[in-house]
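These are my notebook entries on one protein chain. I record below what I looked up, entry by entry.

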Amino acid sequence: MTENNISSASDTITMYCTQPDLVWDIVDKDGVNYVKQAYITKKYQDTAWIFDTAYKFFRQEAVKIIPKPQEAESPIWMYRDKKWAVPNAGCRRMHLEIPKDELILFDRRTWNKILNMEYVGTDEEIAAFEQEYKRQGAREPLDIMKSSFYPLLAQKIKKSWQHLFTDPLPEETYWQGAVWYLKKDWVVGEE
């Protein structure tokens with residue numbers, strides 16, 4: 001676990017995860033399920049490059065915290081507050097008890113900034129970066145990340161994403177988590 005994760009007497013942390021029924025059926029049948037990168041590319045199609053960029057960053061850093069099993073190609077997302085794990089058609093929300101040593105916790109708001117290809121930092125750092133990229137002719141961070149014209153600015157954006165792993169955890173309602181697989185043993189119930 002990272003320094004930004006909690007410590008308490010309990011060995012598990014309650015989390016909620018929404019996945020398609022098929023995933024839960026595999027977990028029930030096989031006892032475990034891993035995500036394949038091809039599922040993400042298929043799901044997001046035209047915007048898959050955004051998820052590929054963000055997930056690549058996450059994977060590269062997350063393996064330094066918790067080793068990735070060979071079968072896992074991408075992390076599985078979950079939330080401390082079940083209101084963020086909203087099931088849609090064909091999906092179920094599960095109540096899980098995740099062992100602390102299997103879970104990476106972070107601020108879901110920071111992760112959303114990364115998914116939007118934004119620069120992450122203090123208000124002052126963000127303002128300074130905005131001045132810098134506008135001075136170079138870019139309109140917004142997404143333009144920087146889509147283009148090959150701003151490699152140094154893109155590097156600065158990606159470097160700023162380290163805040164996801166270094167900033168202290170916020171209040172619990174904003175906790176998001178990631179694991180490399182889902183285990184049947186972790187399922188406490190269906191919500």
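**Entry 1: Glutamine 176**

I began with glutamine 176, which is located in strand β6, made up of residues 175–179. The model I am reading is a predicted one. Is glutamine 176 buried or exposed? I found a relative accessible area of 2%, and because buried means under 20%, glutamine 176 counts as buried. I then looked up its contacts, leaving out residues up to four places away in sequence, and noted Met15, Trp77, Met78, Tyr79, Ile104, Leu105, Phe106, Arg108 and Trp111.

**Entry 2: Glutamine 19**

I turned next to another glutamine. Glutamine 19 belongs to strand β1, residues 12–20. Its relative accessibility is 14%, so glutamine 19 is counted as buried. Which residues does glutamine 19 contact, leaving aside its neighbours within four places in sequence? I listed Trp24, Ile76, Trp77, Cys91, Arg92 and Leu182. Trp77 had also appeared among the contacts of glutamine 176.

**Entry 3: The cysteines**

Cys91 in that list led me to look up the cysteines. I noted first that a disulfide is a covalent bond between the sulfur atoms of two cysteines. How many disulfides does the count give? The count comes to zero. I then looked for the reason. For cysteine 17, the closest cysteine sulfur is that of cysteine 91, and the distance of 9.8 Å is too far for a bond. The cut-off I needed for this step is that the two sulfur atoms must lie within 2.5 Å. Seen from cysteine 91, the closest cysteine sulfur is in cysteine 17, again at 9.8 Å. I also compared their surroundings: cysteine 17 is buried, at 0% relative accessibility, whereas cysteine 91 is partly exposed, with a relative accessible area of 22%.

**Entry 4: Two loop residues**

I then moved to the loops. Glutamate 73 sits in the loop between α3 (48–62) and β3 (76–79). With a relative accessible area of 34%, glutamate 73 is partly exposed. Not counting residues up to four places away in sequence, glutamate 73 touches Val35, Lys36, Gln37, Ala38 and Arg59. I also looked up its separation from lysine 184: the two residues are 111 apart along the chain, and their C-alpha atoms are 19 Å apart.

Methionine 117 is in the loop between α4 (108–115) and α5 (123–135). At 0% relative accessibility, methionine 117 is buried. I marked its phi angle, which is near 60°, a positive value in a residue other than glycine.

**Entry 5: The whole chain**

Finally, I looked up totals for the protein chain. I recorded eight helices and eight strands. The radius of gyration is 18 Å, close to the 16 Å given by the globule rule for 191 residues, so the chain is as compact as a globular protein of that length. Along its principal axes, the C-alpha trace spans about 55 × 40 × 30 Å.

Of the 191 residues, 43% count as buried. The accessible surface comes to about 10,600 Å², and carbon and sulfur atoms account for 49% of that surface. Among contacts between residues at least 6 apart in sequence, 83% join residues at least 24 apart.

My last item was charge. The protein chain has 26 positive and 30 negative charges, and their mean positions are 4 Å apart.

Conventions
Residues numbered from 1 in each chain as written. Predicted model: local features only at pLDDT ≥ 70, side-chain atom pairs only at ≥ 80, totals over all residues. Heavy atoms only, no water. Helix = DSSP H or I, 4+ residues; strand = E, 2+ residues; numbered from the N terminus. Rg over C-alpha atoms; globule rule 2.2 N^0.38 Å. Buried < 20%, exposed > 50% of the residue type's maximum accessible area, 1.4 Å probe, protein only. Contact = heavy atoms within 4.5 Å. Areas by Shrake-Rupley, 256 points an atom, 1.4 Å probe, with all protein chains shown as cover. Lys, Arg positive; Asp, Glu negative; His and termini not counted. Charge placed at Lys NZ, Arg CZ, Asp CG, Glu CD.
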